[in-house]
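Student: Could we go through this structure together? I would like to begin with a strand pairing and then turn to other topics.

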Amino acid sequence: MTGREQSDRSVVLRKLSNKARGEPRAAETVEERVLAKGNLAQQNRFRTQCRIDLQRELGRVREAAKRDKRLRFTALWHHVYKVDRLREAYFGLKRAGAPGVDGQTWQQYGEHLEENLKALSARLKAGTYRAKPVRRAYIPKSDGRQRPIGVPALEDKIVQRASVEVLNAVYETDFLGFSYGFRPGRSQHNALDAVTVGLERRRVNWVLDADVRGFFDAIDHEWLVKFIEHRIADQRVVRHVKKWLNAGVLEDGKRIRSMEGTPQGGSVSPLLANVYLHYVFDLWAHQWRRREARGDVILVRFADDVVVGFQHRSDAERFRDEVGKRFRRFNLELHPDKTRLIEFGRYAAERRETRGSSKPETFNFLGLTHICGQRRKGGFKVLRRTERERVRGKLREVKAQLWRRLHQPVPETGRWLASVIRGHIHYYGVPGNSHAIQAFRYHVIKLWRWALRRRSQRHRVTWERLQRLIRLWIPSVRICHPYPSNRLVVGPEAGAP
């Protein structure tokens, strides 16, 4: 019996009569009671059991990958096309995600979910599954430019998500500790903590802030397939990866194919990007640190953003030159404007003052500006502030949205502004950054007052009314994250840099 059949079947509960079971006749008969329609106890138990079984299967794959780092897996695809795994992948997608070129939404696909998943599983098993081109979309960046992303078709999202879950069982045992981007159980704040703790506790005097130019659009397909085949010998998996890479992009009705790049937006793109940089950068940088460096070196990478700290300037300059050569070999290039070598660390301010130079330079990483500072009782400390361009870009976006929402009900706009400020606080609410968050909240309130005053030519928003609206809708500033040293010590990333 399938999960759908179990969940759809009504559960009948019969109350026992008030006489013993062995007596010939009961004193009274009792009406049957049917489980409420909204009670999904059986379905939840069924899905939970399926999830446990699926995790056990991947656990065996994970143990084999961990036990033998040179093992090539010849049979993985049967884990992907299981209906149970496809179902879990479907429920893991965003309900309100944008549709791809097929125009199918999450809700429409779910109307006949079991039939659709069985048909998809059969096509994956028979090898008749065809990847559809990715619909090109654009999202605004903090600097006002547009970032191109790809929106895959719904079935491609399902298959990619299922494939990523299986492939993660292999690659999570291979990826190194200083890699944080798009990995299960790791986030931007884990990478930020690793940078802060590394700068404060290791002997770091120079920082290389590196960025790969157009990374997702420059990934070489031929090299990527070779890297995947280091671990994956199941040609069905490799063939489907090639299908997603060669599906192309649909923009303005034209299908564009390329031998380079992976469209951002698909579930498989972050994993493929991590695999590419694992072989191009991570393994090479780890060996360079062990064999070539004369002093301490810390490494932190989140996707294509890399921060490397050095004790000696000579190490930093040699690493910068050699990593540039390494990237060019694999069709990558360091961004000339976003890659900088700066003096940074516990002695940077003192040494620059001795030379008559200005204060130490700062660098940006994952939306936060890192600054050389001091603790109240003395000692070096890394100060973190919200990146100015991020704040300016977000305020421009809020102002444009308020103009479009000018005639919406005030409570609706208040709820939206509350979600904006709450999201900002949850990301940038790191210790020592409360003033920057408070300033962002203040400017959002000013923009809201500006919008309220333009709802009518006669109406004027008094300070008393604005205060009532602030108390009702605008959340207060608070610090959401612990100190980096506290979280890094207890977390799985301890000692990762």
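Student: Which residue in β9 is the bridge partner of V300?

Tutor: The partner of V300 is V307. Please keep in mind that this is a predicted model.

Student: In what sense do β8 and β9 pair, and over how many bridges?

Tutor: The pairing of β8 with β9, which spans residues 305-310, is antiparallel and runs over six bridges.

Student: What about the turn of that hairpin: which residue takes a positive phi?

Tutor: That is A303, with a phi near 55°. The hairpin has two residues between its strands.

Student: How many residues of β8 are buried?

Tutor: Six of the six residues in β8, which covers 297-302, are buried.

Student: And which of them point which way?

Tutor: V297, L299 and R301 point one way, while I298, V300 and F302 point the other way. In a regular strand, side chains alternate between the two faces of the sheet. In β8, the residues pointing either way are buried, R301 included.

Student: Changing topic: how many salt bridges are there?

Tutor: The count comes to 26 salt bridges. One of them joins K82 to E57, with the closest N and O atoms 2.4 Å apart. This pair links distant parts of the chain, 25 residues apart: K82 is in the loop between α3 and α4, and E57 is in helix α2.

Student: Are K82 and E57 buried or partly exposed?

Tutor: K82 has a relative accessible area of 28%, so K82 is partly exposed. E57 stands at 15% and therefore counts as buried, because the cut-off for buried is under 20%.

Student: Which residues are linked with K82 and E57 in a network?

Tutor: R85 and E165 are; together with E57 and K82 they are linked in a network of salt bridges.

Student: What does K69 form a salt bridge with?

Tutor: K69 meets D174, at 3.7 Å from N to O. K69 lies in the loop between α2 and α3, and D174 in the loop between α7 and α8, so this salt bridge ties together parts that are 105 residues apart in sequence. K69 is partly exposed, with a relative accessibility of 46%, whereas D174 is buried, at 12%.

Student: And R213: where do R213 and its partner E333 lie?

Tutor: R213 is in the loop between β5 and α9, and E333 is in the loop between α13 and β10, so the pair ties together parts 120 residues apart in sequence. The closest N and O atoms of this salt bridge are 3.7 Å apart. Both residues count as partly exposed: R213 has a relative accessibility of 39%, and E333 has 41%.

Student: Now the interior: how many cavities of 30 Å³ or more are there?

Tutor: There are five cavities of 30 Å³ or more. The largest holds about 120 Å³ of space.

Student: Which residues are closest to the centre of the largest cavity?

Tutor: Of the 16 residues in its lining, Q160, W244, P263, V268 and S269 are the closest to the centre.

Student: Which helices each supply at least two residues of that lining?

Tutor: α7, α11 and α12 each do so.

Student: What is the lining of the largest cavity like by class?

Tutor: The lining has nine nonpolar, five polar and two charged residues.

How values were computed:
Residues numbered from 1 in each chain as written. Predicted model: local features only at pLDDT ≥ 70, side-chain atom pairs only at ≥ 80, totals over all residues. Heavy atoms only, no water. Buried < 20%, exposed > 50% of the residue type's maximum accessible area, 1.4 Å probe, protein only. Helix = DSSP H or I, 4+ residues; strand = E, 2+ residues; numbered from the N terminus. Pairing = 2+ DSSP bridges. Salt bridge = Lys/Arg side-chain N within 4 Å of Asp/Glu carboxyl O. 1 Å grid on protein atoms, 1.4 Å probe; cavity = no way out; pocket = protein on both sides within 12 Å on 5 of 7 lines; lining within 4 Å. Points joined across faces, edges and corners; volume = space filled by probe spheres on them. Nonpolar A, V, L, I, M, F, W, Y, C, P; charged D, E, K, R; others polar.
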